[in-house]
Amino acid sequence: MASNLNLKLKIWRQPSTNAKGTFQDVEATDIPETASFLEMLDIVNQRIIDSGGDPVAFDHDCREGICGTCSMVINGIPHGPRRGTTACQLHMRLFKNGDTIWIEPFRAKAFPVIKDLAVDRSAFDRIMVAGGFISVRTGSAQDANSLPISKEDADSAMDAAECIGCGACVATCKNASAMLFVSAKAGQLNSLPQGQPEKHRRVLGMVKAMDESGFGNCTNQYECEAACPKGISVRWIAKLNRDYALATVHESLLAPANGKGGGAA
Amino acid sequence: MPLEAHIPSGPLSQKWSKHKQDSKLINPANKRKYTVIVVGSGLAGSSAAATLSELGYNVKCFCFQDSPRRAHSIAAQGGINAAKNYQHDGDSTYRLFYDTIKGGDFRAREANVYRLAEVSANIIDQCVAQGVPLAREYGGLLANRSFGGAQVSRTFYARGQTGQQLLLGAYSALNKEIARGGVKMFPRTEMLDLVLVDGQAKGIIVRDLVTGKISSHAGDTVLLCTGGYGNVFYLSTNAKGCNTTAIWRAHRKGALFANPCYTQIHPTCIPVSGDYQSKLTLMSESLRNDGRVWVPKKKEDCGKPPAQIPEDARDYYLERKYPSYGNLAPRDISSRSAKEACDEGRGVGPGGLGVYLDFADAILRYGHDQAADKNLSEAELRKLGKAVVAEKYGNLFDMYECITGENGYEQPMRIYPAVHYTMGGLWVDYNLMSNVPGLHVLGEANFSDHGANRLGASALMQGLADGYFVIPTTIANYLATQKPGSIKADHPAFKQAEAEVNARTKRFIDIKGKRTVDSYHRELGLLMWNECGMARSRDGLQKAIDRLPALREDFWNNVRVPGSGADFNQELEKAGRVADFLEFGELMCRDALQREESCGGHFRVEHQYTKEDEAAKRGQAGEALRDDTNFSYVAAWEFTGDVSNPKLHKEPLAYEEVHLAVRSYV
């Protein structure tokens, strides 16, 4: 039969982006072990409100591990100790009665804290705007089966596409590098035939936006793969490095831009 | 108030072509002068915003999430229907149309549904061109699976994450247009009111959820793509943030709310485990392709481990009651059957609120397929078969294990129905425009395509059909009548609406009562689930209607919202949404009360086939009994200023093509 847990929480409290933050001790008593980690925080928050305090701010939405909104470091590991699991899918049965649990926001220069555990990850959107798409106008597509794609290629693209954009890869990296995210996003499109025409532009644009957002460099530590709740492989980083080298060469071989496009005047 | 649906004349299959021909055009030089406000960035919102920007309109898109990619469409698992007939199994536009109309229990508008089926094939083409990695066969062509309520395989999918992949496709299209400058995106920004000028929708009031700043945005038309209202039940498969505020605020400004009682209860969800529970988790209906649903025949067996219950003591009730569809019976029917089994005391797991979904047979069957002629032991066959099942549904088994701590390969999963989707929504005409000129409503937020019950894999289809293919044509019919940019955000109507929003925020903060927002939401949810859930009765609905005004009053006197309105305040966000749910819930009950029939997701215990009906071959005992003579209409409710006194308008449903029939899946 399920039992209840008494836990000591050390929760990062920071009123706003530029305010100083600190760990707050919170006793979380009588927590059902069948509850999810976020439900544990819900229970804690209800008690804080009942006692006249300010509840802990944290981002969450779908609570089924797919939207990528939840973003907290639990005992030093983004999304907590269970591999391949977002914080919202983590369940309290993984903890023991009497445990102390440290809860912090994802920390990175490119992810400023908004409040407590909630951070601003709009840098990821800026990277996507810089090339994470295939330029196809609605209505201009050919019949879907007129372009056969091998099952292996489609499955491989899907492996990359499973990225939920949560940012755990950045949070766990000592350099706060976004390479796993960027490589998965670029890699999905670059490995499909539809993505070939814009491949070089895409890679150059996304890497530039990544650098401008203040993410660090990748030094092949691979914590990102271990922290990724969707198990995105670091081989995508290797592919991005190759694609980036090719794109750079390609760019250098192009005739100097004269600023004039083709087409009718 | 006349409800004019503006259905084009002519044969059903020609209506959309004709309408496209007859629709107005706006020349490219003028399009950029029009500002389109899109609220919501799910499948409908993102696809509409991207496509309208491609056409040259100036688009502003708003979402409360921190990124448009996180809208709840992302959580859809199973797939998207399209009448491609790639399987050569007899599918066609007409068949998809008919299945959808029938699935909706003949309570949807014929012309809209036909159009949906018609554009479904284009959606697949578009998504593949965007790089959406839909599942493929070894020959490189697209794969399909079958889904509830259909006898053909027309569902396209991307593992168990189809919604995620389609949304990321639409998000990529949105990014392309943000990069080009056609769309300006406002994440972490929530719409709190609709602004009308001379009776026309001309903008919105929003709150910046980080800074708390209230501001006005004016446009030439407003598109609400804000999803459904399932969270009125507190526990649902919706994301925590899903809410009815945008459409409810629009309703209060005059938009008619249609068929709010039509709620879909999804049969394959993980059962509730305790009173702290914050949401319910769905597992794709695609599981029913291979999983067999059963409960013990005898109550006494319910406590036993499933492996100890022999085959002949199990009741595979869907296969028994619906032999031709079996475990793929439509959602409403499957859910109600589970409830009946549990009501009879034959439910399994904690509290007896669960039924088994068993993969043992499928694992063995696939094992035999893989082994071909080789003579293998049962354990080896299971190993081979398990790999096939894992390939198809691995992520769902992982999720189940994560939440319950149980292994679905080794023992049957336990499932129970949960609120999942809402078919009702704001009333729209064929152009997707509400009765308020300039206010368009797309996707789950409108009422138009699913009737009283939505078939699996049709929500993604509708969201993208509305956004990519319908609104880009129909929006010009309204905009062409408007002088672009005629209303600015400094118009007095905006100032007044801003003042009202600010006053409401202040009121929440100033109550300083004793109860949390969540406690009210839970109480509302439980009331709605008990009285307006899977089975509804006159007495129960009346009880809820009597209780709700008092609950609202208590909320407004006794809720505690900590903090202030001038910063990041998640309790304040929730308070606004729950306040609207507390009003909306009553409309839902009133709609359920007036609809004296059972159809699709609306089941009234007073209206079901009896044993005598079954003997006379009119229908199966216990099934929904429709009343086409008196209730073949859309119930569209007008806000009168008094939440407890809404006014009903009826749009008769005229069927030109389809013959109304008893919805049988036997």
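**Exercise 1. Find how many salt bridges are counted between domain 1 of chain A and domain 2 of chain A, and describe the contact between these domains.**

Solution. The count between domain 1 of chain A and domain 2 of chain A is zero salt bridges, a salt bridge being a side-chain nitrogen of Lys or Arg within 4 Å of a carboxyl oxygen of Asp or Glu. The model is a predicted one, in which local features need pLDDT of at least 70 and side-chain atom pairs count only at pLDDT 80 or more, while totals for chains, interfaces and linings use all residues. Residues are numbered from 1 along each chain as its sequence is written, chains are lettered from A and ligands numbered from 1 in the order in which they are written, and side-chain values use heavy atoms, with hydrogens and water left out.

Next, take the bounds, which come from an automatic or database domain assignment: domain 1 of chain A covers 4-115, and domain 2 covers 122-136 + 150-253. Between them, 17 residues of domain 1 of chain A are in contact (heavy atoms within 4.5 Å) with 20 residues of domain 2 of chain A.

Finally, the two domains of chain A bury about 1,300 Å² between them, 64% of it on carbon and sulfur atoms; buried area here is the accessible area (1.4 Å probe) that two parts lose on being put together, summed over both. Of the area that domain 1 of chain A buries against domain 2 of chain A, 34% is supplied by A:Pro78, A:Ala110 and A:Phe111, more than any other three residues.

**Exercise 2. Describe the interface of domain 1 of chain B with domain 3 of chain B.**

Solution. Domain 1 of chain B spans 32-260 + 421-479, and domain 3 spans 496-652. In this pair, 44 residues of domain 1 of chain B touch 54 residues of domain 3 of chain B, and about 4,000 Å² is buried between the two domains, 59% of it on carbon and sulfur atoms. B:Arg107, B:Phe233 and B:Tyr234 supply 19% of the area that domain 1 of chain B buries against domain 3 of chain B, more than any other three residues.

As a last step, the salt bridges between domain 1 of chain B and domain 3 of chain B number seven.

**Exercise 3. Describe the interface of chain B with chain A.**

Solution. Contacts link 73 residues of chain B to 76 residues of chain A, and the chains bury about 6,000 Å² between them, 51% of it on carbon and sulfur atoms. Eight salt bridges are counted between chain B and chain A; B:Arg188 forms a salt bridge with A:Asp59, with the closest N and O atoms 2.7 Å apart.
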